[in-house]
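Work through the exercises below with the model open. Each task is followed by its solution.

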Amino acid sequence: MSSAPHAVPFLKGHGTENDFVIIPDPDDRLPLSPAAVARLCDRRAGIGGDGVLRVVRRAVGEAEWFMDYRNADGSVAEMCGNGVRVFARYLRRAGLVTADEVPVGTRAGVRRVRYEADGSITVDMGAAGLPDGAEPSVTVTVGERTWPARHVDMGNPHAVAFVDRLSDAGPLREAPEVRPAETYPRGTNVEFVVDRGPRHVALRVHERGSGETRSCGTGACAVMVAAARRDGLDPAADGRAATYTVDVPGGRLLVTEAADGTVAMTGPAVVLAEGTVDLGWLEPDGDPMRFSHVSENISHSNG
Ligand SMILES: N[C@@H](CCC[C@H](N)C(=O)O)C(=O)O
């Protein structure tokens, strides 16, 4: 027995090529199961993405909109830096926000987002946590190689390792081993970092729940803070802001740690396609998901 297919709207977007399926769900009627999220993110059997952004009207502090972020494997994460820019781009595009700033609720708290005149988006990411201090406290291992790494908390967990070459981390098909494992009871994102110049770094990232991705916004912020401490900079102590350029495989992010310790990240956010998808979990015996229609608007809608 099967019921009629249930078509729900979706959009597709990315921030520095960290890509997301956006599911507008203002009335909170689609609490996606982990399996449904994984299917949506599947690059062959689904729409494809590093994660899902479910857009829910739910008050969190001053925020009217809540970003229900899920990783590609269906797991829940506290925060997604590229995702929150794409989320904000969607809100503006859908006419749900007209102001130049919007607070967005996340599991890590409210994040203030600003639409810049040049089309980029800046997010106040809050202060970074260094739960084990500023020096490396963990190690990251890939194959035969091990590096010291810093534990940085951006609402979600990160292990930041400075390496000689980005290729040293190999193909990153599996999650790097991080020790001591107890440091990250719920797993971690791992960043590999090289210097490109003064206050200019580049990274590769293996994301918890998504594998290697082309960018990670919270990762870029964690890397900026780790690089600053390594370089002897601590804006909250120095009373002077520090800005780093952080190159990611999918583009470039600008990250500033202010004198009050808060971290701001600026970068692009694009919504480029929309359509509808049939969510077959309403059909117990049916195909878990069938596409009814996908229309693509190739011109980037950044307004
Ligand atoms: N890509 C995101 C981070 C997404 C969450 C992460 N995989 C986790 O599990 O913590 C970003 O841009 O920050």
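**Exercise 1. Place P180 among the strands, then state which peptide bond beside it is cis.**

Solution. The model is predicted. Start with the position: P180 sits in the loop between β11 (177-179) and β12 (189-197). Next, take the bond that joins R179 and P180. Its omega is about -5°, and the bond is cis. Set this against the general rule: most peptide bonds are trans.

**Exercise 2. Which loop holds T16 and E17, and is each one buried, partly exposed or exposed?**

Solution. Step one is location. T16 lies in the loop between β1 (7-15) and β2 (18-24). E17 lies in the loop between β1 and β2 as well. Step two is the backbone. T16 has a positive phi of about 45°, and E17 has one of about 70°. Neither T16 nor E17 is a glycine. In general, most residues other than glycine have a negative phi. Step three is burial. T16 has 26 C-beta neighbours inside 10 Å, so T16 counts as buried. The cut-off for buried is 20 or more. E17 has 16 other C-beta atoms within 10 Å, so E17 is partly exposed.

**Exercise 3. Describe the shell around the ligand, and explain where the ligand lies relative to domain 1 and domain 2.**

Solution. Begin with the residues. Of the 19 around the ligand, A77, N82, N156, G217 and T218 come nearest. The elements that give two or more residues to this shell are α2 (81-93) and α3 (217-230). Now sort by class: 14 residues are polar, three nonpolar and two charged. Finish with the domains. Domain 1 (7-120 + 269-296) and domain 2 (138-266) both give residues to the shell, so the ligand lies between them.

Technical notes
Residues numbered from 1 in each chain as written. Predicted model: local features only at pLDDT ≥ 70, side-chain atom pairs only at ≥ 80, totals over all residues. Helix = DSSP H or I, 4+ residues; strand = E, 2+ residues; numbered from the N terminus. Buried ≥ 20, exposed ≤ 12 C-beta atoms within 10 Å, placed from the backbone. Near = placed C-beta within 6 Å. Nonpolar A, V, L, I, M, F, W, Y, C, P; charged D, E, K, R; others polar. Domains from an automatic or database assignment.
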